[in-house]
Amino acid sequence: MFSEFYQIFGQMVFIAGIIILAMLFSTLILGKILIKQDRLIFPKVLLLTIDLFYGPFKKFSESMGLDEKIVDHIGVEVRNKVNEKRFKSTKSDEKLLILPHCLRSPNCEATLEPSGLVCNNCKKCVIGTLKENAECVGYKVFIIPGSTFLKKIIEQNNFKAVLGVACYQDLNLSMMKLSKFSPQGVPLSRDGCFKTKVDPKAVLEKMGITEEVSAENSSIKNISPCSKETPDKHSF
Ligand code: SF4
């Protein structure tokens, strides 16, 4: 009786293991197709695998000779695609822009308050310009040092959608937690804890602002949708 039970249990564990391995393998293949060819196939399977098996999926990727970062890269790409339509149809004044404070200039003199860094747009770094443009079209902007601040911001603000900038891992995990807010994310082009970089054009494009921007954080060319033709506040 007992030996029969253990035999069936063993078979079930074996089948479950095969199914999980098949999910990890197919998610890796489909994720690579998404990254390389911009083709999204079976997004629900991709998200299920990443969300349920986040740690094991990273280990599996490494065992396949890949950088574990690919898991977060795939996660961000899938979530961006899946949420894009709902994000765009949400009014800008119901959206938040969350920027990491590691983007600030080493000479930044802004103070850190409970709501994050209080940037006065001194023009020394990309944060000021992104903040000015985002606020101009209706976004609420927060520049934060970490997830504790993010938790408080989520609790204390009324919003329907969120745009974030962070390294792939933080972005993927935050977008996972904020999935009901149609999250969109732009990964840092240089990550770390200090003097990080982001492509400002990519952030502005997510907000529906398409102006000419230099790739260098510090040389954005006179972007100000408020002083030019202001993009429709409610149509991004
Ligand atoms: S633009 Fe804002 S964040 Fe950047 S250095 Fe100036 S005050 Fe600091």
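1. A word on "buried" before anything else: a residue counts as buried if 20 or more other C-beta atoms lie within 10 Å of its own. Keep in mind, too, that this is a predicted model. By that count, 37% of the 236 residues of the protein are buried.

2. Helix α2 is a handy place to see the cut-off at work. Within this helix, which spans residues 43-52, the buried residues include L46, T49 and I50. Those three sit on the same side of α2, because they cover an arc of only 95 degrees around the axis. There's a general reason to expect such patterns: an α-helix has 3.6 residues a turn, so residues three or four places apart point the same way.

3. What do the buried residues of α2 pack against? Their partners are three other helices: α1 (2-37), α3 (54-63) and α4 (69-89). Turn to the face of α2 that looks away from the buried side, and you'll find K44 and L52, both exposed.

4. Stepping back to the whole chain, you can count eight helices and six strands. Along the sequence they come in the pattern α-α-α-α-β-β-β-α-β-α-β-α-β-α. If you take the contacts between residues at least 6 apart in sequence, 58% of them join residues at least 24 apart.

5. Now for the sheet. Four strands form an open sheet with parallel pairing, in the order β4-β1-β5-β6. At its edges are β4 (140-144) and β6 (184-187), each of which pairs on one side only. On average, neighbouring strands here are turned by 15 degrees against each other, ignoring direction.

6. Two helices are worth finding next to this sheet. Helix α5 (residues 126-136) packs on it and touches β1 (95-100) and β4, with a direction about 155 degrees from that of β4. Helix α7 (residues 168-177) lies across β5 and β6 and runs at about 160 degrees to β5.

7. The β5 and β6 end deserves a closer look. Strand β5 (residues 161-166) is joined to β6 in the parallel sense over four bridges. If you want a pair to locate on screen, A166 stands opposite P187 in β6.

8. Which way do the residues of β6 point? Q184 and V186 go one way, G185 and P187 go the other, and all of them are buried. To get from β5 to β6 the chain passes through α7, making a β-α-β crossover that is right-handed.

Terms used
Residues are numbered from 1 along each chain as its sequence is written. This is a predicted model: local features need pLDDT of at least 70, side-chain atom pairs count only at pLDDT 80 or more; totals for chains, interfaces and linings use all residues. Two strands pair if DSSP finds at least two bridges between them. Axes are lines fitted to C-alpha atoms, for helices over the stretch in contact, and angles run from 0 to 180 degrees between N-to-C directions. Two residues are in contact if their C-beta atoms, placed from the backbone, lie within 7 Å. A residue is buried if 20 or more other C-beta atoms lie within 10 Å of its own, exposed if 12 or fewer, and partly exposed in between; C-beta atoms are placed from the backbone. The arc is that of the directions from the helix axis to the C-beta atoms. A crossover is right-handed if, with the strands pointing away from the viewer, the path from the first strand over the helix to the second runs clockwise.
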